[in-house]
Amino acid sequence: MNTYLESLAQLFGRAPRKPRKDELSPAAQKMYFYKKGEKVTKAQLIALHDEHHKNSKNKWRKRRWLTLIAVNLLFVVSFALDIQLLEGALTASRFAGFHMADLNSALQVMLAHKTVLINLLIGIVTVFILWIILGGRTFCSWVCPYHLVAEWAESLHLWLAKRGWAKNYTFHRGVRAVFYVIFALLAVVTGYTVYELISPTGILSRAIIYGPTIALVWVAFLLLFEIFLSRRAWCRYVCPIGITYGIVGVFSPLRVTYDMTDCKHEGDCRAVCLVPHVLELTIKNRSTDIHMGLGADCTRCGLCVDACPTSSLNFEFQGFTHREVKEIEERPLMPESKADSKDEK
Amino acid sequence: MNSSSKDTDSINTSSAVKKPAKKKTITRGPGRRAQEARRQFLRSVALTAGVTSISLLGFMPIPSEGKRQKLRPPGALAEEQYLSSCIKCGQCVQVCPVNAVKLDDIDTGFGLGTAYIDAREQACDFSCDGLQCVLACPTGSLTHDLDYTHDTRMGFAILDKPKLCLAVAGQGFKGQARGPDYEGLLRYEEIDRWNPIPLKDHPYDVEICDLCVQACPIEQRYNQCQDGKYPSGDQNQCPPERAIGLELIEEKNGVRHMKPVIYDGCVGCGVCEMICPTAEPSIIIDYDKLTKRPLSEQYQTKSKKGGH
């Protein structure tokens, strides 16, 4: 239960903390003990990565981009050919006649309108169950069209930042929770779905389906802000949709899990991650157990799975994915740590 | 600032994580870390203020007193209710057989993504018969309390420019109502019961222009019912009142002429505005007025008070 609370707290902006030594499981303590002083060179990491991903590089990114484009195209094709397979836009739709409602948009409408309609309720329940099964913020990285363009903007940002032409001003992550409360209150007080005015998800989704709008200028402005001033600012610090789906995904069986056994703690996963705080457990002495799921803020995008040189990060569907429980083998201690332990005695 | 913010984020390697720990032992008082934390806090406050203010710009184009910005699809709630309940999905757009429903842009503020109808470009001619947009609406922004076409109240037609009106001038009309380049669609029961056709494919030839009366969907249904042929074979589809008709009017100066007169059965669908062949439409939809009655009642109370 504690891990779920911690996961929620991090979703709302709390920074992950270093666990006390007595919070680590005996197995984890033992593993970290054997890892003491373990060093790895860049060349070794590259070799390891090549070995683990020799069949396909960026496997999950490819799958994800294809899925995201396919879902958004399905809306377009369904409307253009009038086949009524997936009608509407991401804010609300009908899939083969079944109502679906974006949970955040539905929430804004209910708060502003102060009424719940049966059709909307059906849509909410359907989507709620869907994303509990599929992992909550999976919506963000696998469906939201803004996520894809922001990802492209991000690579441009990183390229520019490396040359000193762009900066990355960070914000406190808690600001997203503040926005969540602000937009909820604004909806109740003003009676308008205020957030929908600036939601790049809705604007992009409608532009893709119904044709370009002036509202795209706002989306372009956001992208420029992210490219030159702050990496992935909207998804990280503003978007309430992320929190809504994050909450839905707290108990989701589908998650990225971490196994520390082979981890080299080099941090390649954190470097590519949209929400690196969920991966702080890959820092040495941070994971309380050998095998752990990532927090609810994880968008299940799989970039870390692709980046990990040792396959220590993997997609897991609890109850379905078979996981080998490895015995902790006795390892020879590193020379450095031997010296350490002698000093302690 | 640049390097420190980079440390926490873009190059988030283990070495970068170790660095601040070392610095902590060197610097005393408000060290670089505390300074950066303070800056980050101020930036976060600025971000909150900035984004919130931008979102509130949506108020600017909203007219006061809940007046309608545009003609809304059939069944639309009162403007404020409509704006609060619309989830901006466009399902009403997708089901409309004449593509009358369109989505608003960001220049309408909180109206962004909500459905409207530009009657002059393409009016709702009810050729779906079943109020498809109302059925498609997932939030009830287009109220589900409607059952029949004549129950809708999108607005109310008014003869806006009687001086332009061909009927008032005693003129007829021959040809395509809106010219050869007009793309709008209209359903003609006698041509194709199920599919609307381009307006330009159906030229008219009348001695006194009565296109608005001829094309009115409510009038058509009313007349069918008078002939005992109920629309869709359902007597409930019969409008209880007429919507528009040409009447012989005698002006104060004794001049007699024909004039389109709008009755309380008008639902404000906008077909008259769409088909009106004058360069500027003589007849338009006032989408804040829903029937004749409140207007005349208002006039009566006003005249009593003001003593006009």
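How far apart are the end C-alpha atoms of helix α4 of chain A, and what span should its 22 residues cover? This tour of a predicted model begins with that helix.

**Stop 1: helix α4 of chain A**

Select residues 59-80 of chain A. At 1.5 Å a residue, helix α4 should span 32 Å, and its end C-alpha atoms are 31 Å apart, so expectation and model agree. Next, highlight A:R64, A:N72, A:F75, A:S78 and A:F79, which are the buried residues to find along α4(A). Which elements cover these buried residues? From chain A, the cover includes β1 (86-89), α7 (138-142), α8 (145-162) and α11 (200-210). Chain B also takes part, through its helix α5 (91-95). Before leaving the helix, select A:D82, just after α4(A), where phi is positive, at about 55 degrees.

**Stop 2: the domains of chain A**

Colour chain A in two parts. Domain 1 consists of residues 16-55 together with 253-338, and domain 2 consists of residues 70-247. Taken over C-alpha atoms, the centres of the two domains of chain A are separated by 31 Å. Where these domains touch, domain 1 of chain A contributes ten residues and domain 2 of chain A contributes twelve residues. On the domain 1 side of this contact, six residues are nonpolar, one is polar and three are charged.

**Stop 3: where the chains meet**

Now display both chains. In the contact between them, 57 residues belong to chain A and 44 residues belong to chain B. The chain A side is made up of 32 nonpolar, 17 polar and eight charged residues.

**Stop 4: chain B**

Hide chain A and view chain B alone. Its 308 residues form a chain with ten helices and ten strands. Of these residues, 41% count as buried. Considering contacts in chain B between residues at least 6 apart in sequence, 67% join residues at least 24 apart.

**Stop 5: the nonpolar core**

Finally, show both chains again and select A:C304, B:C92, B:C133, B:C212, B:C272 and B:I275. These residues have the most contacts inside the largest nonpolar core, a group of 153 residues. The largest share of this core, seven residues, comes from helix α5 (residues 103-113) of chain A.

Which residues does B:C133 touch, leaving aside those up to four places away in sequence? Centre the view on B:C133 to find B:P73, B:P74, B:C92, B:V95, B:C96, B:V101 and B:L142. One of these neighbours, B:C92, is also listed among the residues with the most contacts inside the core.

Conventions. Residues are numbered from 1 along each chain as its sequence is written. Chains are lettered from A and ligands numbered from 1 in the order in which they are written. This is a predicted model: local features need pLDDT of at least 70, side-chain atom pairs count only at pLDDT 80 or more; totals for chains, interfaces and linings use all residues. Helices (H or I, at least four residues) and strands (E, at least two) are DSSP runs, numbered from the N terminus. A residue is buried if 20 or more other C-beta atoms lie within 10 Å of its own, exposed if 12 or fewer, and partly exposed in between; C-beta atoms are placed from the backbone. Two residues are in contact if their C-beta atoms, placed from the backbone, lie within 7 Å. Ala, Val, Leu, Ile, Met, Phe, Trp, Tyr, Cys and Pro count as nonpolar, Asp, Glu, Lys and Arg as charged, and the others, Gly among them, as polar. Domain bounds come from an automatic or database domain assignment. The expected span of a helix is 1.5 Å times one less than its number of residues. A nonpolar core is a set of buried Ala, Val, Leu, Ile, Met, Phe, Trp, Tyr and Cys residues joined through C-beta atoms within 7 Å.
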